[in-house]
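Me: I have not met this structure before. Please take me through it in questions and answers.

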Amino acid sequence: MMKKLTTGWRYLKEHSRLRRFFIIGLYLVLTGGLIINYGLLNRQTAKNDDTPLNSYQSFSGDNSAQGVKLVQRQYSPTQQRLIATFEMQASTDPTTEILSQYLHFELATVVPQKLKMVVIPVTENKYVVMVDHLNQNFEAIRFRLINATPKTDQTSSSAPQADFIVTNQAKIRRAQVSVLSPKAFASQTINDEISARNTSIKRQQNKIKLAKTAISADHDKIQTKRTNRKYEVASQQTQTDNDIETLTGDIEQNQQNITGAKHRISTLKAEQALLKKKQTAIRNGTFKLAKVTKSTQITHKN
């Protein structure tokens, strides 16, 4: 065997043109093999692609509607629970605004499984979806959000929808998710929203405190400049007058900031009151969480 290889190599060394063809051919074979192998591997792993986080999706066939984005996804293989958080864009047109009662959620999986889904409308524009009994071999799960808002000028028989894909290859495998019941989880999620508003209230209160401090300092500066103005020459007095005008404008701006912060605090407190009201309704059962217990199968991409 070695003798044949040695003889063959010696022959190629003596025939340079044939040697070049052999090297080029070997390169093409190896490169082609790598490309084909990569394509096969990529085809196996990219049958379903994860929908990017924090990327607004529009509802198909309805360009005027609010967009929606997936802001968080968590999955625990041991608990067989996936939690996804969706957020709607703030509506600028009340005639096209999508209310929670008209936003429907559907599930589909690559590997058929009997799932339990609970939708928690935390606020009018934020939804937490809890999926239970999701085995770790699910490959991919599709959340389909359907805009079922009634329309008088409906040109299509199907309602606009937006799809979001989460695969078991997403970087969520070791996530710790809540072990609470849907009602308890909903209550906890609302608590988180209330706490977030407490943080915002404290931020606005600090803004008011800083604005008041700045106003006090501006008043002191104005008083000092007015006292010293009588001892200045004309050109200096002109500059002093300009400085006083600037300081007066700064005071007015800070007063506006205080008014805006107080209005924001009032809004945040009103939102907290409504969240607490919803929390109570969820606990006593007067607010019903949407439930879906049926899943369908996603068709693989070609």
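The turns below go from the whole chain to single residues of a predicted model.

Me: How many helices and strands does the protein chain have?
Reply: Read along the sequence, the chain follows the pattern α-α-β-β-β-β-β-β-β-α-α-β-β. The elements in that pattern are of two kinds, helix and strand. The chain has 4 helices and 9 strands.

Me: What is the mean pLDDT of the protein chain?
Reply: In this predicted model, 77% of the residues reach a pLDDT of 70 or more. Over residues 34-46 the pLDDT is below 50, and beyond near neighbours in sequence that stretch has 0 contacts in the model. For the chain, the mean pLDDT is 82.

Me: What share of the residues of the protein chain counts as buried?
Reply: A residue is buried when its relative accessible area is under 20%. The chain exposes about 19,500 Å², and carbon and sulfur atoms supply 53% of that area. Of the 302 residues, the share that counts as buried is 34%.

Me: Among contacts between residues at least 6 apart in sequence, what share joins residues at least 24 apart?
Reply: One pair of residues far apart along the chain is Leu-99 and Glu-124, which are 25 residues apart and in contact. For the chain, the share of such contacts that join residues at least 24 apart is 69%.

Me: How far does helix α4 reach from its first C-alpha to its last?
Reply: Helix α4 covers residues 234-284 and has 51 residues. At 1.5 Å a residue, the expected reach is 75 Å. Gly-285, with a positive phi near 85°, follows the helix. The reach of α4 in the model is close to the expected one, at 75 Å.

Me: Which strands are at the edges of the open sheet of 4 strands?
Reply: The order in this sheet is β7-β6-β3-β9, and the pairing is mixed. Each edge strand pairs on one side only. The edge strands are β7 (161-167) and β9 (296-297).

Me: Which residue in β9 stands opposite Ala-108?
Reply: Strand β3 covers residues 103-109, and 2 bridges join it to β9. The two strands run parallel. Opposite Ala-108, the residue in β9 is Thr-296.

Me: How many bridges pair β4 with strand β5?
Reply: Strand β4 (residues 116-123) is largely enclosed by the rest of the structure, because 7 of its 8 residues are buried. A hairpin joins β4 to β5 through 2 residues. Lys-116 stands opposite Asp-132 in β5. The pairing is antiparallel, and the number of bridges is 7.

Me: Is Asp-132 buried or exposed?
Reply: The side chain of Asp-132 meets that of Arg-81 in a salt bridge (2.6 Å, N to O). Arg-81 lies in strand β2 and Asp-132 in strand β5, so the pair ties together parts that are 51 residues apart in sequence. Arg-81 counts as buried at 7% relative accessibility. At 11% relative accessibility, Asp-132 is also buried.

Me: Where do Asp-50 and Arg-73 lie?
Reply: The side chains of Asp-50 and Arg-73 meet in a salt bridge (3.8 Å, N to O). Asp-50 is partly exposed, with a relative accessible area of 27%, whereas Arg-73 is buried at 18%. The pair ties together parts 23 residues apart in sequence, because Asp-50 lies in the loop between α2 (16-45) and β1 (68-76) and Arg-73 in strand β1.

Me: Which residues are linked with Lys-126 in a network of salt bridges?
Reply: A search of the whole structure finds 8 salt bridges. In one of them the side chains of Lys-126 and Glu-193 meet (2.7 Å, N to O). This pair links distant parts of the chain, with Lys-126 in strand β5 and Glu-193 in helix α3 (residues 182-229). The residues in the network with Lys-126 are Glu-193, Arg-197 and Glu-271.

Me: With which residues is Leu-99 in contact, leaving aside its neighbours within four places in sequence?
Reply: Leu-99 is found in the loop between β2 (81-88) and β3, and it counts as partly exposed at 29% relative accessibility. The C-alpha atoms of Leu-99 and Glu-124 are separated by 6.9 Å. The contacts of Leu-99 are Glu-124 and Tyr-127.

Conventions: Residues are numbered from 1 along each chain as its sequence is written. This is a predicted model: local features need pLDDT of at least 70, side-chain atom pairs count only at pLDDT 80 or more; totals for chains, interfaces and linings use all residues. Side-chain values use heavy atoms; hydrogens and water are left out. The expected span of a helix is 1.5 Å times one less than its number of residues. Two strands pair if DSSP finds at least two bridges between them. Buried means under 20% relative accessible area, exposed over 50%, partly exposed in between (1.4 Å probe, protein chains only). Contact means heavy atoms within 4.5 Å. Accessible areas come from the Shrake-Rupley method with a 1.4 Å probe; for residues, only the protein chains shown count as cover. pLDDT is the predictor's confidence in each residue, from 0 to 100. A salt bridge is a side-chain nitrogen of Lys or Arg within 4 Å of a carboxyl oxygen of Asp or Glu.
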